[in-house]
Structure formats: C-alpha cells, structure tokens
Amino acid sequence: MMPVKKPKIVFVHPDLGIGGAERLVLDVAVALSEKNEVSFVTNHFNKHHAFEELCDGQFPVRVIGNWIPRGLCGIFQALFSYLRMIYLALFYVLFINKSEKPDLFFIDQIPMAVPFIKLAGGKVIYYCHHPDLLASTPGGFLKRLYRLPINWLELQCTALSDVILVNSKYTKKVFQKTFPEITKNISILYPTISSSYQALIANSHFKNAEEIAHIPKETFVFLSINRFHPAKKLELAMDALEAAQTKLSSSEWGGIHLIMAGGYDPDSSINAFYFAKLVKLCENKNLMAKVTFLKSPSDNLKADLLLRCNCLLYTPINEHFGIVPLEAMTAGKPVIACNSGGPCETVQDGVTGYLCEPTGDSVANAITKIIKDDNAERMGLMGKARLEQYFSYESFVNHANKIVDKFLRGEDPTKTTSDSLNQNNQETEPSTEEHSNETRCPPTSPISVVEEHQNTPASNRSNSFSEPNHAESANGQNSISSPNTSFEENSTQLNSSHSSSEKAIQRSSDNLNLSNGSEPISDENINNVEAAEDHSSDFVSPTQVFKPNIVGGSGDKYEKWSPSSLLDQMLFEERLHSLPTEKGRNPSELSQNELSVSPASEAGNEDYIQM
C-alpha cells in the first residue's frame with residue numbers, strides 16, 4: 001500500500017530571529033508538522049540567533065535575498081523590507097515553486113509575497129500580528145508621502161489572501177478599523193505556550209534565579225520579562241515601584257524586589273539606547289537596591305525566574321496579544337498588566353491578577369493589594385486553570401490543524417472557526433475586565449545590573465522577549481465584545497471613517513512616551529543614533545557612570561568607564577565582548593582606537609521600528 005503523501009506547507013517569514021512573531025509561527029509549524037510537510041523561506045536566518053527547532057534542523061530553512069540591505073543609512077527600512085520580500089517571492093515562484101509544488105503558503109508580518117504566490121496559483125493563509133502601517137510613527141508631509149504607497153500595498157496584498165488570521169480579539173478590532181475595505185471573515189488563532197516550554201517549566205527549579213539575583217528566599221519578587229525596547233514601556237514598572245513605597249509598611253517595602261529580565265540584541269542600537277535610559281532612570285529614582293537587570297536570559301533561567309517570582313509585572317500598552325502573561329500562568333503566577341490590548345483577554349481582573357491603568361500609581365495600587373491581601377498563590381492557581389481552559393497547547397494544535405485541513409479541502413475555515421477559543425467549547429470566550437486605581441507617590445532607593453554574557457547560546461534565549469517586533473500602535477481602541485470590557489480611556493480612537501489607504505496613514509501609532517518628562521522616542525532619534533543623545537535632557541551623559549562588571553576574555557573586570565554618552569557606554573560594552581575573540585588578545589592589551597566604536601557602524605536591525 002502506497003504511503004499517504006503529506007501536504008506541503010511553506011512558511012514565509014522576513015527574519016527568523018528570536019521574537020514573539022517568530023515563536024508564534026514556529027509553534028504553528030510544529031502544530032502542523034505531524035500531518036504536513038513543513039519548511040521555511042526567509043530573507044534572513046542565523047543559527048546562532050534562532051530558536052532551537054530551527055537550529056537543530058527540525059525544519060528545512062531556505063534563505064533568499066539576504067544580500068539586499070535592510071535600509072539606506074539607517075532609514076527607508078519599511079521600503080527595503082518590502083523589496084527584500086518581493087525578491088524572495090519572485091525568486092521562489094520563478095525557480096523553486098514548480099519543483100516543490102507547495103499545497104499552502106503561510107505568510108505573516110509582510111504581505112508583499114501574497115500577490116506573486118497567488119499569480120503562480122498558490123493558496124495563502126496570512127497571519128496578521130498587527131497592521132504594519134501602525135508600526136510607523138507619524139511624520140511630516142514627506143513621511144506621509146513615503147508611507148502612502150507602502151500602506152496601499154499592505155492593504156491590497158493582505159486583501160488578496162485566501163484566509164486571514166489574527167492573534168487576538170483586540171488585533172481583530174484594530175485590523176478591521178485599519179482596513180475597513182477588507183470585508184472577508186477574520187479568524188482568531190490565539191498563541192499558546194509550546195509543549196517544550198511547558199516541560200521546561202515542569203522540570204525547573206529556581207536555584208539559579210536565587211543565585212543570579214542574590215536575594216533572600218523570603219523576598220517577594222516581582223518579575224518583568226520583555227525586550228529592552230521602548231514599545232514595552234518598562235519604565236512603568238519603576239514608576240510603580242517608586243509609588244509603592246509610600247503605600248507599603250517599612251517591613252513590606254523591605255521585603256520586595258523587582259527583576260527586569262529582557263531580550264537584548266547587541267546589534268540593536270535601540271536596545272542599547274533604551275537599556276541605558278532605564279539604568280539612568282533607576283538611579284534617578286534611587287531604586288538601585290530594589291532592581292536587578294538581566295540581559296537575554298536563557299530559556300532555562302527564564303523558567304527559573306518565573307518559578308521563583310511571586311508575581312509578573314507586564315507593562316506594554318495596547319500589546320497585540322502578549323505571550324509573557326501566558327508563560328507566567330504556566331508557572332502558576334498572577335499577572336499585573338495594563339488594561340488594554342491582549343492582556344484583557346488573558347488576565348481576569350481580580351481573579352488571576354489585576355488590570356491597571358497605564359500609570360505608576362495604578363500599578364502600585366495593584367502591587368500593594370497583592371502583597372497586603374496575601375493572595376498571590378491563589379491567583380496563580382486560578383491563572384493556571386484559565387490557561388488550560390482557553391489557551392492550552394492541545395487546543396492550539398487542534399484549532400490550527402482544523403483551519404488548515406478545512407482550507408485544503410476547499411472549505412472556508414472562517415465560517416465555523418472564526419473567533420473560537422478552544423476545540424471543546426467554541427462559544428466560551430475569556431472574560432475581560434477593566435481595573436483602575438489612583439493616587440501618586442514620591443521617589444525612593446538603588447540597582448544591580450546582571451548580564452548573561454554573549455556566550456549564552458542564542459537558541460536558548462527566551463521566546464517572549466519579542467513579541468511582534470513592531471512598535472505598538474497607540475491608536476487601537478479596544479472594544480472587545482464582553483459586557484465587562486471598556487477601556488476607551490486607555491487607547492486613542494482609530495478613525496474608522498477613513499475608507500482609503502491614503503487616509504489610513506493618519507491612523508499610524510502615536511509617539512511612545514518615556515517617563516520622567518522626556519520627549520517621545522521617534523524615528524529621528526531611533527534611526528539616527530548620533531542625534532539621539534541630544535533629543536531630550538533626560539539623556540544627558542554623566543561624566544562617570546557606574547556600569548555592570550564586564551568580564552573580558554581573560555576574566556578581567558572593568559568597573560567604571562567615562563563614556564562620552566550612555567549610548568557609547570553600551571556600544572563599548574558590546575565591543576569589549578567581541579574584541580578578545582576577534583583580536584586574540586586580552587581587553588587590557590587593546591588600544592583606545594580598537595576599543596572605540598562609532599554609532600553608525602554598530603547600528604543594526606532596528607527591531608522593526610520602521611520609517
């Protein structure tokens with residue numbers, strides 16, 4: 001008897017690095033791999049900065065168009081990302097498609113490949129993490145003129161997809177308001193926690209976390225896990241910690257600690273810039289003894305941290321979905337999050353954690369309540385049960401396979417699976433609630449900075465630091481269809497009356513604001529690192545900055561350095577790590593010229609903050 005031939009599914013993704021979008025499409029690939037033959041096509045893939053399933057050869061990966069630059073002098077990144085994807089699609093269709101004959105293409109992030117694949121007779125499922133045009137910050141006339149054809153192409157290419165999936169009800173609302181011209185059914189496929197990561201949580205202990213943070217066992221630990229990126233609004237955690245001091249007794253205040261762990265890409269000037277900003281903010285707030293920073297922890301250490309902590313602080317505003325709350329729920333931990341975006345669908349206010357206004361005082365009230373009520377353990381158990389009910393890996397696998405199976409049979413999967421949450425009960429949806437707190441408070445105390453050095457295998461780094469790499473849109477008003485849901489105050493209304501892609505430009509995201517009175521981070525100071533230092537008085541460079549111990553090739557420690565700027569300091573640190581290997585000498589033997597770095601030479605992938 002002839003073996004049944006498996007359908008071929010090709011995943012098309014721009015950059016197979018380590019991020020939330022990459023983790024999600026990889027989870028979909030794993031979910032579909034039992035019944036289908038799965039492979040990846042991408043513009044960029046580095047085995048030293050990718051998830052384990054891709055590094056170990058579980059799925060074939062073909063790289064096309066990596067020779068095309070990502071931008072021109074740090075700008076026009078959106079344009080070049082579209083050009084790279086057009087080249088990929090044309091090359092695949094002209095030279096590979098006929099020999100491999102895929103049954104289905106699964107595309108996400110950049111829809112430019114869709115029309116070329118459709119012209120070649122291919123079938124396409126497009127997964128929208130968030131409309132890409134909302135990743136661009138507003139600008140003047142030239143910026144709007146530049147974005148006009150890009151936004152129009154995104155609309156037209158997305159509309160050509162056979163099936164459109166989104167990652168949450170919030171993203172579905174934003175999608176429909178951003179692209180009112182697209183009237184086809186949209187189906188929700190919620191992300192999940194991979195079975196491998198759940199096994200890691202189940203088999204972990206928190207000995208490593210205790211050793212890394214150097215905190216007493218009885219300490220109440222708040223944990224923040226996110227990329228060190230402005231879109232993640234990490235300064236909100238420090239604002240909340242500062243405000244919490246006057247709400248807690250001296251003994252309660254003395255018994256808490258915040259660990260801020262996050263993805264840190266040494267090639268990203270944004271990461272360096274923002275990390276330095278956070279360190280300086282922590283010093284200014286006198287919270288140095290209360291905060292530990294941890295760069296790019298491995299998955300093992302992240303699992304340890306989740307098990308050791310008492311509560312997760314999740315600070316992004318209008319996050320598309322947010323996988324980190326689910327990771328905390330897997331470890332049985334409560335979640336304090338902002339009352340907007342995806343967390344309104346994953347966190348049940350007052351039951352599995354608290355949903356807060358995006359202010360330090362509101363989050364501080366939740367911190368105070370969870371400590372004084374002594375209910376963290378109960379909330380964590382409720383969160384774990386909620387995860388199993390609505391976001392389990394088994395439900396994710398079943399739902400993904402059901403969508404693909406129906407589509408390959410010629411049926412419309414969105415007619416019966418649209419908005420379903422799990423295989424067993426598609427009518428049940430997670431409730432969403434609004435939580436608000438008040439009162440503002442004054443400053444407080446110190447900081448230890450811990451770094452896992454660059455010898456940590458990139459494939460072991462966390463999948464959650466990177467949720468979709470686009471800067472968040474502040475324009476997406478969430479109006480989830482639940483009687484308990486209302487948070488119009490937390491997001492700026494999308495102008496749904498616009499019906500053309502030209503007008504859709506006006507629905508781009510608002511500038512991201514940093515605390516402490518600083519000006520918004522915009523394209524000018526993110527894409528042009530040289531100018532970033534002068535953009536705000538909050539970035540004034542001290543003559544001498546305390547910096548974490550940096551171990552060179554010989555184990556020598558460098559306690560202090562007098563940089564010309566905080567950004568130079570972070571770039572110097574990364575240069576110091578790489579030079580002993582490059583030159584074959586100890587850092588102490590290197591000349592000042594060898595240790596110096598220019599921002600232009602170090603600027604790399606800008607984490608999809610696009611012009």
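Which side chains does a polar contact of 2.9 Å join? In this model, which I should say at once is a predicted one, that contact joins the side chains of Arg23 and Glu53. Arg23 itself sits in helix α1, which covers residues 20–32, and its side chain makes another polar contact, of 2.8 Å, with the side chain of Asp27. With a relative accessible area of 6%, Arg23 is buried.

Let me turn to residues 72–95, which an unreviewed UniProt entry lists as a transmembrane region. Over that stretch the model is 79% helix and 0% strand, and the C-alpha atoms at its two ends are 28 Å apart. Leu90, in helix α3 (residues 77–95), is partly exposed at a relative accessible area of 36%, and together with Phe91, Leu94 and Phe95 it makes a nonpolar surface patch of about 410 Å².

Now to the aromatic rings, of which the structure holds 20 pairs. One of these, Tyr87 with Phe91, is tilted, with 6.1 Å from centre to centre and 35° between the planes; the two residues are 4 apart in helix α3, so about one helical turn separates them. Tyr87 is partly exposed at 29% relative accessibility, and Phe91 is partly exposed as well, at 31%.

The rings of Phe228 and Phe275 form an edge-to-face pair, because their planes stand at 85°, with the centres 5.0 Å apart. Phe228 lies in the loop between β8 and α10, whereas Phe275 lies in helix α12, so this pair ties together parts that are 47 residues apart in sequence. Phe228 is buried at 0% relative accessible area, and Phe275 is buried at 2%.

Definitions and conventions. Residues are numbered from 1 along each chain as its sequence is written. This is a predicted model: local features need pLDDT of at least 70, side-chain atom pairs count only at pLDDT 80 or more; totals for chains, interfaces and linings use all residues. Side-chain values use heavy atoms; hydrogens and water are left out. UniProt positions are given in the numbering used here, feature names are shortened, and annotations may be inferred rather than shown by experiment. Patches are made of residues with over 30% relative accessible area and no salt bridge: like charges are joined within 9 Å, nonpolar side chains (Val, Leu, Ile, Met, Phe, Trp, Tyr) within 5 Å. Accessible areas come from the Shrake-Rupley method with a 1.4 Å probe; for residues, only the protein chains shown count as cover. A salt bridge is a side-chain nitrogen of Lys or Arg within 4 Å of a carboxyl oxygen of Asp or Glu. Buried means under 20% relative accessible area, exposed over 50%, partly exposed in between (1.4 Å probe, protein chains only). A polar contact is a pair of N or O atoms within 3.5 Å; within protein, one must be able to donate a hydrogen and the other to accept it, and residues adjacent in sequence count only if both atoms are side-chain atoms. Rings of Phe, Tyr and Trp (its six-membered ring) pair if their centres lie within 6.5 Å; planes under 30 degrees apart count as stacked, over 60 as edge-to-face and the rest as tilted.
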